[in-house]
Amino acid sequence: MKPPSPPLPIVALSAYERNGEPFSLAPEYAAAVCRAGGLPVLFPPQCPGGLDFILRCDALVLTGGGDISPDFYGVAADESIHAVHPDRDAAEIALARAAIAQGLPLLGICRGMQILNVALGGTLHLDLPKTVGTHVPHRSSSLTPVAHSVEILAGSTLARILGKNQVCISSWHHQAVAVLALALRVSAQAVDGVIEAVEMPGNPDVLAVQWHPEHTCANDPAQQALFRWLVERARKGRARRTASSSGQAGPVAQPGEEGR
């Protein structure tokens, strides 16, 4: 008799208010997780039981959305700030910290990368056109996504995942990392110096990108690889926890395998 297949890793996707719906999310996020072999679960981070819930999952995706309130990183707001939801900000900052503390794989996307940086003590540029200029369009004047290239730093976890040193991405943001949190390091940049991806030295389960891989990953294997990485890390984490709870020794990572 064929043994049953192991359960799919559960990947939590942080939901938010969109198009008048209080707890919504663009469907491309869930589709990307499904293609990678995970089970996406949509949940509102504002839920009082959110922290308890996330610890029952195998991975977390901090998704895109509106601006983060500058109150969370000690900067005065200006007229460029919009679509701010402080309750979502506070909840997702707590979720990011909890996921890292519990060793859950975390993928931050656009706003999600900004949340990760703020959660760990970093700050943000309020408005890139004002502080960096418009040499690289990070979104169009009509507030829609644009494509541009980013350089991947050699030797980074991101370089290994994508298998490239340069990728064309779908960009849709006007804010970005200003002061990088001490716990993070840069793994990709645009030619104007804007930080486009970060990872956490010593923690192979934390990665964030400033762009939107869910926009193009259905037809771009490099972008889909980010979701495959997340689900694979989630699967390995679940196996370790299962082995630990049953008293069995988990698999031992081989040299150079820690980030795989």
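Right after helix 3 comes glycine 103, with a positive phi near 75 degrees. Helices here, like strands, are DSSP runs numbered from the N terminus (H or I and at least four residues for a helix, E and at least two for a strand). The model is a predicted one, so local features need pLDDT of at least 70 and side-chain atom pairs count only at pLDDT 80 or more, while totals for chains, interfaces and linings use all residues. Residues are numbered from 1 along each chain as its sequence is written, and side-chain values use heavy atoms, with hydrogens and water left out.

As for confidence, pLDDT (the predictor's confidence in each residue, from 0 to 100) averages 91 over the protein chain, and 93% of the residues score at least 70. The weak spot is residues 250-260, where pLDDT stays under 50. For that stretch the model has 13 contacts beyond four places in sequence, a contact being heavy atoms within 4.5 Å.

Back to helix 3, which covers residues 86-102, 17 residues in total. From first C-alpha to last it reaches 24 Å, close to the 24 Å expected at 1.5 Å a residue; the expected span is 1.5 Å times one less than the number of residues. Its buried residues (under 20% relative accessible area, against over 50% for exposed and in between for partly exposed; 1.4 Å probe, protein chains only) are Arg88, Asp89, Ala91, Glu92, Ile93, Leu95, Ala96, Ala98, Ala99 and Ile100.

Eleven salt bridges turn up in the structure, counted when a side-chain nitrogen of Lys or Arg lies within 4 Å of a carboxyl oxygen of Asp or Glu. One of them joins aspartate 58 to arginine 241 at 2.6 Å, N to O. This pair ties together parts of the chain 183 residues apart: aspartate 58 sits in the loop between helix 2 (50-54) and strand 5 (59-62), arginine 241 in helix 8 (residues 221-245). Aspartate 58 is buried at 3% relative accessible area, whereas arginine 241 is partly exposed at 34%.

Lysine 130 and glutamate 79 also pair up, at 2.7 Å, N to O. Here helix 5 (residues 128-131) supplies the lysine and the loop between strand 5 and helix 3 the glutamate, 51 residues apart. Lysine 130 is partly exposed at 47%, and glutamate 79 is exposed at 67%.

In another bridge, the closest N and O atoms of arginine 185 and glutamate 199 are 3.0 Å apart. The partners belong to strand 11 (residues 185-189) and strand 12 (residues 195-200), respectively. Finally, salt bridges with shared partners join Arg88, Asp89, Glu92 and Arg111 into one network.
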